[in-house]
Amino acid sequence: SRQRIVDVAFDGRGCAISQASASIMTDELRGLSLDEIRGMDPRLVIEALGVPIGPARLKCALLGYKVLQGAVTGTAARWPEEADVLAEAGGGGSAP
């Protein structure tokens, strides 16, 4: 049987987008396996925010995702390619 995330929380400081993204993402993690988390698409994190994210704020929105991926893979996670994430997540907005 695969182990599943029962509870998850985060503690951090940062801009509103990074904090909102981390909060929303933790809600989505409950019940997932580590393999499912490793396979998470960063576009889903952006879509879950529900607001347009421009290139300048992409790293803010994906900071929690990057930390999470580093934790479950045991290595430093690479930043996703900006163009790929924004093009397919309906992003590219002008949010500061």
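Me: Which sign does the phi angle of Gly50 have, just after helix H3?
Reply: Phi is positive at Gly50, at about 75°. The helix label rests on a convention: helices (H or I, at least four residues) and strands (E, at least two) are DSSP runs, numbered from the N terminus. Here H3 covers residues 42-49, and Gly50 comes just after H3.

Me: What kind of model is this, and how are its residues numbered?
Reply: The model is predicted: local features need pLDDT of at least 70, side-chain atom pairs count only at pLDDT 80 or more, and totals for chains, interfaces and linings use all residues. Residues are numbered from 1 along each chain as its sequence is written, and side-chain values use heavy atoms, with hydrogens and water left out.

Me: How should the confidence be read, and where is it lowest and highest?
Reply: The value to read is pLDDT, the predictor's confidence in each residue, from 0 to 100. In this chain the mean is 83, and 82% of the residues reach 70 or more. Helix H1 (residues 16-29) has the highest confidence, at a mean of 93, whereas helix H5 (residues 82-88) has the lowest, at 63. Over residues 91-96, pLDDT stays under 50. For that stretch the model has 14 contacts beyond four places in sequence, a contact being heavy atoms within 4.5 Å.

Me: Which residues of H3 are buried?
Reply: Burial is judged by relative accessible area: buried means under 20%, exposed over 50%, and partly exposed in between (1.4 Å probe, protein chains only). In H3, the buried residues include Pro42, Val45, Ile46 and Leu49. These four lie on the same side of H3, because they cover an arc of only 95° around the axis; the arc is that of the directions from the helix axis to the C-beta atoms.

Me: Which residues touch the most other members of the largest nonpolar core?
Reply: A nonpolar core is a set of buried Ala, Val, Leu, Ile, Met, Phe, Trp, Tyr and Cys residues joined through side-chain atoms within 4.5 Å. The largest one here has 16 residues, and Met40, Ile46, Leu62 and Leu68 touch the most other members. Two or more residues come from each of H1, H3 and helix H4 (58-73), and H4 gives the most, with 6 residues. Leaving out residues up to four places away in sequence, Leu68 touches Met25, Leu29, Ile37 and Met40.

Me: Is Leu29 buried or exposed?
Reply: Leu29, found in H1, is buried, with a relative accessible area of 3%. Beyond four places in sequence, Leu29 touches Ile5, Val8, Ile37, Met40 and Leu68. Ala9 is 20 residues from Leu29 along the chain, and their C-alpha atoms are separated by 9.8 Å.

Me: Where is Ser33, and which residues does Ser33 contact?
Reply: Ser33 is placed in the loop between H1 and helix H2 (34-38). Its relative accessibility is 2%, so Ser33 counts as buried. Its contacts, apart from neighbours within four places in sequence, are Arg2, Gln3 and Arg4.

Me: How many salt bridges does the structure have?
Reply: A salt bridge is a side-chain nitrogen of Lys or Arg within 4 Å of a carboxyl oxygen of Asp or Glu. A search of the whole structure finds 5. One of them joins Glu36 and Arg4, whose closest N and O atoms are 2.5 Å apart. Because Glu36 lies in H2 and Arg4 in the segment before H1, the pair ties together parts that are 32 residues apart in sequence. Glu36 is partly exposed, at 32%, and Arg4 is partly exposed, at 38%.

Me: Which residues are linked in a network of salt bridges?
Reply: The network links Asp7, Asp27 and Arg30. Asp7 and Arg30 meet at 3.3 Å, N to O. Asp7 is in the segment before H1 and Arg30 in the loop between H1 and H2, so this pair ties together parts that are 23 residues apart in sequence. The second partner of Arg30 is Asp27, with closest N and O atoms 3.3 Å apart. Asp7 is exposed, at 59%, while Arg30 is partly exposed, at 37%.

Me: How many disulfides does the structure hold?
Reply: A disulfide is a covalent bond between the sulfur atoms of two cysteines; the cut-off is a pair of cysteine sulfur atoms within 2.5 Å. This structure holds 0 disulfides. Cys15 is in none, and the nearest cysteine sulfur, in Cys60, is 3.7 Å away. That distance is too far for a bond. Cys15 counts as partly exposed, because its relative accessibility is 26%.
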